[in-house]
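Q: Could you take a close look at one part of this model for me, the aromatic cluster and what packs around it? I'd like to see how that patch connects to the rest of the fold.

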Amino acid sequence: MYKHYHNSVGNNYKHLQITTKYRKSILDGKLKTLCRIAIEESCKRHKIEIIILQVLDDHVHMILDCPRTICDAKLVQLIKGFSSYLLFRIYPSIKSEYWGGAFWSAGYFLCSVGADFDAVFDYVRNQELHHN
């Protein structure tokens, strides 16, 4: 269950929720799939392991196991920045909806997942039921 590093043992689970700018319900169909791929690619690039990824119409929930060398603000910057960049490159027509170069809103929710990780995992897994 725990990861073994060169001189330490443990996990660094984070629950991250990011929202589309203006909270527009734009993440459906093809764009939902592209969003998932963009987030997966940005995480892979920085050795951030995705445990759960739920893409909903206007926001995304994820549980991540990130390297201990990445602080919380940097984690959010890496995921939001690179995924936004990829989405605008792959799907240029969304630039008309999101002028100014930002796909995600400025805010986010991020917390560590501690001893109650089963409850947090279930919460994130069941987001589609929660929002329907």
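A: Here is a walk through the aromatic cluster, then the helix beside it, then the strands.

Bear in mind that this is a predicted model. Searching the whole structure turns up 6 aromatic pairs. A good one to start with is Tyr22 with Tyr98: the ring centres sit 6.3 Å apart and the planes make an angle of 5°, so this pair counts as stacked. The cut-off for stacking is planes under 30 degrees apart. What makes the pair handy for reading the fold is where the two residues come from. Tyr22 belongs to the loop between strand 3 (13–20) and helix 1 (29–45), while Tyr98 belongs to the loop between helix 2 (72–90) and strand 6 (104–112), so the stack ties together parts that are 76 residues apart in sequence.

The two partners have their own surroundings. Tyr22 is partly exposed, at 44% relative accessible area, whereas Tyr98 is buried, at 1%. Tyr98 also has a charge over its ring: Lys24 lies over the face, 5.8 Å from the ring centre.

Next comes a pair with another geometry. Phe103 and Trp104 meet edge-to-face, with 4.9 Å from centre to centre and 90° between the planes. Both Phe103 and Trp104 are buried. Put these rings together and you get one aromatic cluster, made up of Tyr22, Phe88, Tyr98, Phe103 and Trp104.

Trp104 is also a good way into helix 2. Its side chain makes a polar contact of 3.0 Å with the side chain of Ser83, and Ser83 is located in helix 2. Is Ser83 buried or exposed? Its relative accessibility is 0%, so Ser83 counts as buried. Setting aside neighbours within four places in sequence, Ser83 is in contact with Ala38, Ile39, Ser42 and Trp104.

Zooming out to the helix as a whole, helix 2 has 19 residues and spans 27 Å from its first C-alpha to its last, close to the 27 Å expected at 1.5 Å a residue. Its buried residues are Leu75, Val76, Leu78, Ile79, Lys80, Phe82, Ser83, Ser84, Leu86, Leu87 and Phe88. Notice that Phe88, a member of the aromatic cluster, is on that buried list, and so is Lys80. The cover over these buried residues includes strand 3, helix 1, strand 5 (59–65) and strand 6.

That brings us to strand 5. How many of its residues are buried? The count is 7 of the 7, so strand 5 is largely enclosed by the rest of the structure. Both of its faces are covered: His59, His61, Ile63 and Asp65 are buried on one side, and Val60, Met62 and Leu64 are buried on the other. As background, side chains in a regular strand alternate between the two faces of the sheet.

Strand 5 has pairing partners too. Strand 3 pairs with strand 5 in the antiparallel sense over 7 bridges, with Tyr13 standing opposite Asp65. Strand 4 (residues 49–55) is also antiparallel to strand 5, and 6 bridges join the two. Strands 4 and 5 form a hairpin, with 3 residues between them. In that pairing, Val55 stands opposite Val60 and Ile52 opposite Ile63.

Two more residues help place this sheet region. Ile51, found in strand 4, is partly exposed, with a relative accessible area of 31%. Leaving out neighbours within four places in sequence, Ile51 is in contact with Tyr13, Ile63, Leu64, Asp65 and Phe121. For a sense of scale, the C-alpha atoms of Ile51 and Trp99 are separated by 32 Å, although these residues are 48 apart along the chain.

Lys3, in strand 1 (residues 3–4), is partly exposed at 28% relative accessibility. Lys3 and Asp65 are 62 residues apart along the chain, with their C-alpha atoms separated by 9.8 Å. Asp65 is among the residues that Lys3 touches, along with Ser8, Val9, Gly10, Asn11 and Glu49, not counting residues up to four places away in sequence.

To trace the route once more: the stacked rings of Tyr22 and Tyr98 belong to a cluster that also holds Trp104, Trp104 makes a polar contact with Ser83, and the cover over the buried residues of helix 2 includes strand 5.

Terms used
Residues are numbered from 1 along each chain as its sequence is written. This is a predicted model: local features need pLDDT of at least 70, side-chain atom pairs count only at pLDDT 80 or more; totals for chains, interfaces and linings use all residues. Side-chain values use heavy atoms; hydrogens and water are left out. Rings of Phe, Tyr and Trp (its six-membered ring) pair if their centres lie within 6.5 Å; planes under 30 degrees apart count as stacked, over 60 as edge-to-face and the rest as tilted. Helices (H or I, at least four residues) and strands (E, at least two) are DSSP runs, numbered from the N terminus. Buried means under 20% relative accessible area, exposed over 50%, partly exposed in between (1.4 Å probe, protein chains only). A charge sits over a ring if NZ of Lys or CZ of Arg is within 6 Å of the ring centre and within 35 degrees of the ring normal. A polar contact is a pair of N or O atoms within 3.5 Å; within protein, one must be able to donate a hydrogen and the other to accept it, and residues adjacent in sequence count only if both atoms are side-chain atoms. Contact means heavy atoms within 4.5 Å. The expected span of a helix is 1.5 Å times one less than its number of residues. Two strands pair if DSSP finds at least two bridges between them.
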